[in-house]
Amino acid sequence: MLIAGNWKMHKTPSQTVEYFKEFKPLVEGIENVDILICPPFVDIPAAVEMTAGTNIDIGAQNCYYEREGAYTGEISPVMLKDAGCKYVILGHSERRHIFGESDEVINKKVIAALSEGLRVILCVGETLQERDSGLTFTVVESQLKLGLSGATDMLDRIDIAYEPVWAIGTGVPARPEDAEEVHRFIYEKLKELNPQKAQSVRVLYGGSVKPENAEAFLSQPHIRGVLVGGASLKPESFARIVKVGASLGKSE
């Protein structure tokens, strides 16, 4: 099980140091879940330093698909790896819908990140309009297949985050049973792509996850983790979610 926090555009390096001073003791000794925090790029060095030798991994929220070059403002997978990142989130709905990233661009990033040894969390999910039009499964299947094109032999280094766009940051999460239905569908499609490695993928739920609803999601049979936004910004709140995951002890 993976409990991941996506800080988005929050916290300075000094605030990152203070966060981990408080967070580390709260999750010390927890070993039956993987704990991941993905801060902004500028916070990564401080986060890596603060979590050295702990049970907390650090990842990035995005990357570019080239190793280096004249790409002003971009960060490569090589840089992330050298900075101490183990994971990178790719295809988040905010990257798709605010910054216009296509499935083809996201796929290039997936391939590039995997080639540098990073573990990828690929985000998929439908908008409210798509859901109301009955297109949830069509959209998710398309994002999966296009995003994973050329990478299906590396499924054991990929996690999927199902994040219904209409639930992100709204305070209105999907119903656990509805999320479970989509998660089960995702596993069916992963088995079609690579029957041998599909079960090694952790499919996470993301979208207004809080300490109060984490157990309802994590108790579902096909939900093997959560990707947490706002509730990961407070150490006590995120630690509560980590402890919910640890208490359930869902096997990989």
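Guide: Before we look around, one definition: axes are lines fitted to C-alpha atoms, for helices over the stretch in contact, and angles run from 0 to 180 degrees between N-to-C directions. Please keep in mind that this is a predicted model.

Visitor: Thanks! How do α1 and α10 lie to each other, roughly parallel or roughly antiparallel?
Guide: Let's start from the geometry: helix α1 spans residues 13-27, helix α10 spans residues 235-248, and their axes are 9 Å apart at an angle of about 25 degrees. Angles under 35 degrees count as roughly parallel. That angle therefore makes the arrangement of α1 and α10 roughly parallel.

Visitor: Which class has no residues in the contact of α1 with α10?
Guide: The two helices meet in a right-handed crossing. From α1 come Tyr-19, Glu-22, Phe-23, Leu-26 and Val-27, while α10 brings Pro-235, Glu-236, Phe-238, Ala-239, Val-242 and Lys-243. Sorting these residues gives 8 nonpolar and 3 charged, and the class left without any is polar.

Visitor: Moving on to α7 and α8, why is α7 called oblique to α8, and at what angle do they cross?
Guide: Helix α7 covers residues 136-147 and helix α8 covers residues 176-193, and their axes come within 10 Å. Angles under 35 degrees would count as roughly parallel, and 65 to 115 as roughly perpendicular. The α7 and α8 axes fall in neither range, so they are oblique, with a crossing angle of roughly 40 degrees.

Visitor: How many charged residues are in the contact of α7 with α8?
Guide: This crossing is right-handed. On the α7 side you'll find Thr-136, Phe-137, Val-140, Glu-141, Leu-144 and Lys-145, and among the α8 partners are Glu-181, Lys-189 and Glu-192. Next to 8 nonpolar residues and 1 polar residue, the number of charged ones is 5.

Visitor: α7 also meets α5; which residues of α7 take part there?
Guide: Helix α5, residues 103-115, packs against α7 at about 45 degrees, with the axes 8 Å apart. The pair is therefore oblique. Asp-103, Glu-104, Asn-107 and Val-110 of α5 meet three partners in α7, namely Gln-143, Leu-146 and Gly-147.

Visitor: Let's turn to the open spaces. What is the volume of the largest pocket?
Guide: It helps to see its walls: 19 residues line the largest pocket, and Lys-8, Gln-61, Asn-62, Arg-95 and Phe-99 are the closest to its centre. By class, that lining has 10 nonpolar, 5 polar and 4 charged residues. The volume of the largest pocket is about 460 Å³.

Visitor: And how many polar residues are in the lining of the second largest pocket?
Guide: The second largest pocket has a volume of about 180 Å³. Of its 17 lining residues, Gly-169, Gly-207, Ser-208, Gly-229 and Gly-230 lie nearest its centre, and Gly counts as polar. Along with 5 nonpolar and 3 charged residues, the count of polar ones in this lining is 9.

Visitor: Last one: which helix and which strand each supply at least two residues of the lining of the largest cavity?
Guide: Searching the whole structure gives 1 cavity of 30 Å³ or more, and the largest cavity holds about 30 Å³ of space. Its lining residues include Ser-93, Arg-96, Cys-123 and Val-124, along with Gln-143, Glu-163 and others. By class, the lining of this cavity has 3 nonpolar, 4 polar and 2 charged residues. The elements that each supply at least two residues are α4 (93-97) and β5 (119-124).

Conventions:
Residues numbered from 1 in each chain as written. Predicted model: local features only at pLDDT ≥ 70, side-chain atom pairs only at ≥ 80, totals over all residues. Heavy atoms only, no water. Helix = DSSP H or I, 4+ residues; strand = E, 2+ residues; numbered from the N terminus. Parallel < 35°, antiparallel > 145°, perpendicular 65-115°, else oblique. Left-handed = near helix turned anticlockwise from the far one by under 90°. Contact = heavy atoms within 4.5 Å. 1 Å grid on protein atoms, 1.4 Å probe; cavity = no way out; pocket = protein on both sides within 12 Å on 5 of 7 lines; lining within 4 Å. Points joined across faces, edges and corners; volume = space filled by probe spheres on them.
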